[in-house]
Each structure stands twice: as C-alpha cells, then as structure tokens.
Amino acid sequence: MSGSGKRSITDVCASFGYDRTRLLDVVLAVQDEAGTVSQEAVTSIAEVLDVPRVEVESVVSFYAFLDSEPGRLPAAGGQTDRVTIRLCDDVVDRIKGADRIARDLEEKLGIRFGETTPDGRFRLEHASCIGMSDQAPAALVNDIPVTRLGPGKAVRGVQVIQNKGPAGSEELHKLLIREYGDGNNSHPLVRSAVRNNLRLPGPVIFSERKPCEALERALAMSPAEVIREIKTARLRGRGGAGFPTGMKWELTRAAEGKERYLICNADEGEPGTFKDRVILTERPDLVFEGMTVAGYAIGASEGIVYLRAEYRYLRKFLEHVLEERRRQGRLGKNVLGKKGLPRGEQTQGFDFDIRIQMGAGAYICGEETALISSMEGLRGDPKTRPPFPAQEGYLGKPTSVNNVETLCSAARILEMGSGWFSSMGTPASTGTKLLSISGDCSRPGIYEVPFGTTLKDVLEMCSADDPFAVQVGGPSGQMVGAEHLDHTICFDDLATGGALMVFNSRRNVVKIASEYMRFFIHESCGYCTPCRVGN
C-alpha cells in the first residue's frame with residue numbers, strides 16, 4: 001500500500017482510532033486501497049493494532065468478500081483494476097439461466113469459478129444470494145449489481161471491459177450501466193440499473209407519511225411511554241422469529257449499565273429475500289427515524305446499521321441521507337432541541353447518531369449474535385445465549401438488534417398510533433408484512449400485505465405460473481405444496497422473514513432441496529450439531 005495517493009496501513013488503522021474492534025473496517029479499507037488483503041498486509045495490521053496475527057488472518061479468511069490473493073497494481077484513481085464477477089447461484093437464479101451464464105463466462109475467460117485469470121485481471125466467484133432474485137440472473141461486478149443477464153449479456157460485458165483496458169470504479173461503472181432503474185436507483189449517489197419492482201405498496205412501509213412526525217411525537221413522551229405504545233400495538237420482529245419488539249426494548253432499557261446500543265440488522269442474506277434493498281433505496285429516512293425512536297426508547301446514544309456487502313452500492317446514498325438528518329437536527333446533539341424529558345426522568349438532552357458498519361459476505365451474520373461478533377472485529381460466529389444481547393450485546397453493553405422492517409413499523413406506530421397499526425393483520429400478528437416474491441411468476445417483486453393473507457391470494461397477486469410448491473421463509477423455512485394454499489402469512493401459521501419463492505410443476509423439488517442443502521453446507525458456521533453433522 002504505497003505510492004501516490006495511497007495510505008499506509010498505519011494510516012488506515014489510525015483512521016479507526018487503532019481500535020481492535022474495528023478490525024473488519026480496517027481490512028475492508030485495506031482491500032479498497034490495495035485490491036487485496038495480502039499476507040504482508042495481515043502481518044502489518046496485526047503489528048499496528050497489537051493483536052495476534054491469527055486473529056487478523058481468521059477474519060480475512062472468514063468473509064466471502066475479502067480477498068487475500070495477490071492482485072494487480074491499482075489503476076488510476078486508487079482502485080484495483082481486477083474485476084471480480086460474483087454470479088448469484090441460488091435456486092431462483094439457476095432456474096432463470098445462471099448455469100448457462102456461468103459456462104459462458106468460464107469459456108470466455110478460460111478459467112473456472114474460484115479462479116483468477118493468469119494476468120490477474122478477472123476473477124470468477126459464486127455468490128449464494130445478492131438480493132436480486134426478482135431480476136435474476138444477476139451478478140455483482142466488483143460492487144456494481146448487474147441484473148437480468150440474458151444469453152450473451154455477461155460475455156459482452158467482459159468483452160467491453162477487456163477492450164477498454166484497466167479501469168477504476170468510475171470507468172467500470174460507465175462501461176456496465178447504460179440505463180438506471182426506477183426511483184432512487186437513478187439518484188446521483190446510486191446510479192444503479194436495479195429495479196425496485198414494488199408491486200403492492202401497503203399502508204405501513206410504502207405509504208405517504210409525514211417526515212419527522214414519529215420522532216417529534218416520541219420526544220414529547222417519556223421512553224417508558226414510547227415502549228408502552230409499541231407494546232400496545234403488539235409489534236413483533238419482522239425477521240421471522242417474531243419476538244415482541246416492545247419487550248426487547250424494555251429489557252434493553254432495564255439492563256444494568258449506562259451505555260446502550262441500537263443495531264439495525266440490514267444483513268438480509270436469506271436467499272430469495274430482497275425487501276430491505278427496496279426499503280433502503282426508497283425509505284431510508286423512515287429506517288433512520290425508526291432507529292432514532294428506538295434509541296430514545298432504550299436510552300442509547302449510538303445506532304449502527306450493519307449493511308450487507310452486497311448492498312455496498314447504496315452506502316454513499318445512505319451516508320448522504322444521514323448527513324441531511326444531522327443538518328436538520330434529527331441526529332447528533334440534542335436531537336430536535338430535546339434538552340430534557342418530561343416529568344424529570346433525566347436532565348441531559350437526547351443525543352443520538354448513526355453510523356454504517358459494512359459486512360463482508362457471510363450468511364450467518366444475519367443472526368444477531370454473529371452480527372455482533374462481526375461488528376466487534378471477529379469472525380461472524382454466533383455466541384452462546386444467555387446472556388442475551390439485551391443484557392450483554394455489542395462490546396458487552398445492553399443492545400437491541402432490530403431489523404429494517406421492524407424499525408420502519410415502529411416509526412409508523414409512533415406517527416399514526418398503536419390503534420391504527422393493530423387494526424391491521426390478526427390479533428397475534430398485527431400490521432403488514434413485506435414479501436419478497438420470486439421464481440415462477442410473471443410479477444416478481446415486493447408486496448406489502450396484511451398479516452392473515454392466504455398463500456393462495458399472494459400467488460394470484462404475483463401471477464404465479466402453475467404453482468406446484470412455494471418455499472416460504474427462504475431455505476431455512478418450509479416448502480408448501482399446492483394442496484395447502486389456504487395457509488396464511490402470520491406468526492401462528494406461515495412465519496417468514498419475507499422470502500417467498502414460487503416453483504411450478506416442471507421443477508424437481510428434490511433437486512431444489514438438494515440445492516438448499518448445498519447452500520447450508522457452504523454457509524453453516526458449524527455451531528449446532530444437526531447442521532454441522534447432518535449436512
């Protein structure tokens with residue numbers, strides 16, 4: 001990491017305060033600078049941070065998006081000219097033609113997946129899911145999502161890059177992206193060809209709203225009253241397990257210690273799920289408002305978004321939205337001028353800010369304790385519970401981990417009231433649910449439906465093609481046959497984090513099950529015996 005415009009490893013470590021818990025940020029920054037995290041870099045990082053070398057090596061070897069292979073020299077502009085193509089090979093992408101694209105790329109480049117061309121310029125990798133199942137087949141070219149890869153499109157893209165010569169990130173973007181997607185996908189800080197495919201906007205997440213209304217109302221209440229409102233609405237976590245959100249906040253606030261954290265889990269790695277992608281693209285302000293409300297409720301002064309590596313193309317845009325909120329007084333010191341709480345609960349103002357923590361490609365980091373391990377600069381290994389994160393979470397402090405959709409719902413509850421929210425859905429599953437629908441249907445995309453909606457109704461909405469089986473909740477969910485379409489989307493019946501993949505009668509469900517097993521063999525952390533031994 002030397003040369004004009006390049007930072008030394010010492011400079012990189014200094015930018016994160018020589019903080020060992022920011023090790024993932026350090027190695028990601030080193031890779032951005034040099035195109036790889038070489039063995040020499042691993043040694044230098046360990047020396048500068050004063051940690052055992054094996055700890056750095058274990059992090060670099062754990063995450064799929066970290067590369068320790070020797071790379072080519074960086075191109076002009078400080079970006080490596082190596083082009084890494086990560087072709088998504090989940091079930092939906094494969095039934096849409098990903099296998100043919102893989103063969104074409106191997107033939108064009110003369111290498112197999114997992115290999116690098118002799119000149120070090122191209123590398124082929126498979127990715128378990130990149131959050132683009134509604135526009136499959138899809139791939140990431142470095143950090144750039146390329147979707148709807150028809151026959152020959154991928155090879156033509158490689159040919160264009162080869163003809164152009166070494167290219168930095170801006171040049172590569174211009175070569176690959178000819179037309180922007182809808183909504184904020186065309187924002188100057190995004191410039192993506194991704195489409196939202198928002199098929200059915202519902203009353204909670206994708207409806208019209210009053211900016212800042214939720215936060216203003218929350219700050220006019222005490223934290224206990226905010227938590228009571230969430231509990232009255234009976235909001236449950238939208239990640240699939242359905243733990244009551246108000247109870248989680250209450251436990252976090254009641255835990256011993258003065259310092260607390262609020263984490264937004266934006267690491268939707270479950271194949272077939274892409275709802276967070278659309279929320280973060282079109283409703284980031286709602287996410288950050290929900291985080292601020294949650295931070296106020298639990299007594300946290302810092303919120304952290306754990307953003308999956310596959311959505312890195314959204315980071316600059318999200319940072320821009322955060323900066324706007326700071327400028328408007330919605331983040332930072334004395335949020336909205338809040339100098340004290342009602343009835344003398346505390347005398348200091350409400351200070352709260354948010355930072356983004358990038359992931360580096362690990363399905364297991366969607367689990368909250370593995371996510372916390374990753375944020376602490378470790379391998380993304382799950383932690384034994386108890387203690388639960390609400391008691392001892394990030395850096396050993398009480399921590400509430402909530403996913404993107406949950407935090408959005410919490411903000412709308414504060415804006416519109418618990419009665420409004422609980423009037424939708426079912427008594428045990430209030431509100432709406434975002435479904436990411438893909439597979440054998442003519443209208444894949446995002447559908448916001450009330451809890452209690454039948455699977456049959458959902459399949460009619462997305463114009464399913466001869467539905468024979470539906471995988472609800474991703475590979476770790478359940479497969480429902482065509483004879484059971486009267487089941488409903490709710491926590492008491494078909495609980496789901498949001499993924500719903502449709503398969504017609506021409507698909508081999510045994511082969512699909514085998515593909516899911518292959519996924520778990522690859523992504524298993526080896527923590528639990530059934531997964532480790534059974535697979």
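## The four-stranded sheet

In this predicted model, strands 8-7-6-9, in that order, make up an open sheet with parallel pairing (helices, H or I of at least four residues, and strands, E of at least two, are DSSP runs numbered from the N terminus; two strands pair if DSSP finds at least two bridges between them). Strand 8 (353-358) and strand 9 (399-403) are the edge strands, each pairing on one side only. Direction ignored, neighbouring strands are turned by 25° against each other on average.

Six bridges join strand 7 (residues 302-307) to strand 8 in the parallel sense. Ile304 has Arg355 of strand 8 as its bridge partner.

## Helices across the sheet

Helix 2 (residues 23-34) lies across strands 7 and 8, at about 60° to strand 8. Helix 13 (residues 284-298) lies across strand 6 (261-266), strand 7, strand 8 and strand 9, and runs at about 150° to strand 6. Axes are lines fitted to C-alpha atoms, for helices over the stretch in contact (heavy atoms within 4.5 Å), with angles from 0 to 180 degrees between N-to-C directions.

## Ser128

Ser128 sits in the loop between strand 2 (122-127) and strand 3 (139-141). Ser128 counts as buried because its relative accessibility is 18% (buried is under 20% relative accessible area, exposed over 50%, partly exposed in between; 1.4 Å probe, protein chains only). Leaving out residues up to four places away in sequence, its contacts include Cys88, Pro271 and Phe519.

## Basis of the values

Residues are numbered from 1 along each chain as its sequence is written. Local features need pLDDT of at least 70, side-chain atom pairs count only at pLDDT 80 or more, totals for chains, interfaces and linings use all residues, and side-chain values use heavy atoms, without hydrogens and water.
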